[in-house]
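Here's a quick walk through one model, strand by strand. Have the sequence and the 3D view open as you read.

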Amino acid sequence: MSYEVAQLDQLEEITDGRCPWRPVRHHFGITAFGVNSWTGRAAGDRIINEHDEADEDEELYAVLRGRAVFELDGERLDAPAGTLVFVRPGVTRTAFAEEPETSILAIGGSPGKAYEPHGWELWAPVRPLYDAGDYAAAADLARELIEPHPEYADAFYNLACCESLAGRPTDAIEHLRHAIDTSPRFREYAKDDSDFDPIRDEPAFEELVSGER
């Protein structure tokens, strides 16, 4: 089929412990650009986490329903349904619902760069376990969510981090190898990442990060 259709509310919300969102890009398998949606259930709810995308993405926000207020480098902007807000990298931005069930669609990409899906949508439910130091549970959940999607190098790298910290060197090295094979930039990341300190003396890890395998 050359097209797919979904209602926004049909997409299951996921969260990393901050603002829940619906993984539009992942749902459709979009590889050309990033796109997700956020909904504020009650007036006053924060819809978009505060961030600045410094040296990263341009973002276009579309208010699909309800009414939002954006804060852009401290300036407030009223945004009823139908409003489009384009924000360049480096601008600190966040948004709040002014009405219940306010929904915002966010589309992003890095200027001058081909889009690379990272799979952070899959990592989101794992992050609270990782942040809490429950690395074994994080590794178990991450493996369940991430292994079916070998296209996401970032997600496999994070899985390897969890497995290293959980004392699973063989699994960590296997998944780190997949991340590096998919995106070689992770070789440099792994060299200084403290998450790999538990396996840093493993010969297979040393060979992997040195590129001598």
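How many bridges join strand 4 to strand 7, and do they run parallel or antiparallel? Bear in mind that this is a predicted model. Strand 4 (residues 58-65) and strand 7 run antiparallel, with four bridges joining them. In that pairing, Glu59 sits opposite Val87 of strand 7. Val87 also turns up on the covered face of strand 7 (residues 84-87), together with Val85. Leu84 and Phe86 make up the uncovered face.

Next comes another antiparallel pair: strand 5 (residues 67-72) and strand 6 (residues 75-80) are linked over six bridges. These strands form a hairpin with two residues between them. In the turn, Asp73 has a positive phi of about 50°. Elsewhere in the hairpin, Arg67 stands opposite Pro80 in strand 6.

Here are the two antiparallel pairings side by side:

| Strand pair | Bridges |
|---|---|
| Strand 4 and strand 7 | four bridges |
| Strand 5 and strand 6 | six bridges |

Arg67 also gives us a link back to strand 2 (residues 34-40), where Gly40 is found. Gly40 and Arg67 lie 27 residues apart in sequence, and their C-alpha atoms are 9.8 Å apart in space. Gly40 counts as buried because its relative accessible area is 0%.

Now for the charges. Asp73, from the hairpin turn, belongs to a negative surface patch with Glu50, Asp52, Asp55, Glu56 and Glu75. Glu50 comes from strand 3 (residues 46-51). Glu50 has 54% relative accessibility, so it counts as exposed.

How values were computed:
Residues numbered from 1 in each chain as written. Predicted model: local features only at pLDDT ≥ 70, side-chain atom pairs only at ≥ 80, totals over all residues. Heavy atoms only, no water. Patch = residues over 30% accessible without salt bridge, like charges linked within 9 Å, V, L, I, M, F, W, Y side chains within 5 Å. Areas by Shrake-Rupley, 256 points an atom, 1.4 Å probe, with all protein chains shown as cover. Salt bridge = Lys/Arg side-chain N within 4 Å of Asp/Glu carboxyl O. Lys, Arg positive; Asp, Glu negative; His and termini not counted. Charge placed at Lys NZ, Arg CZ, Asp CG, Glu CD. Buried < 20%, exposed > 50% of the residue type's maximum accessible area, 1.4 Å probe, protein only. Pairing = 2+ DSSP bridges.
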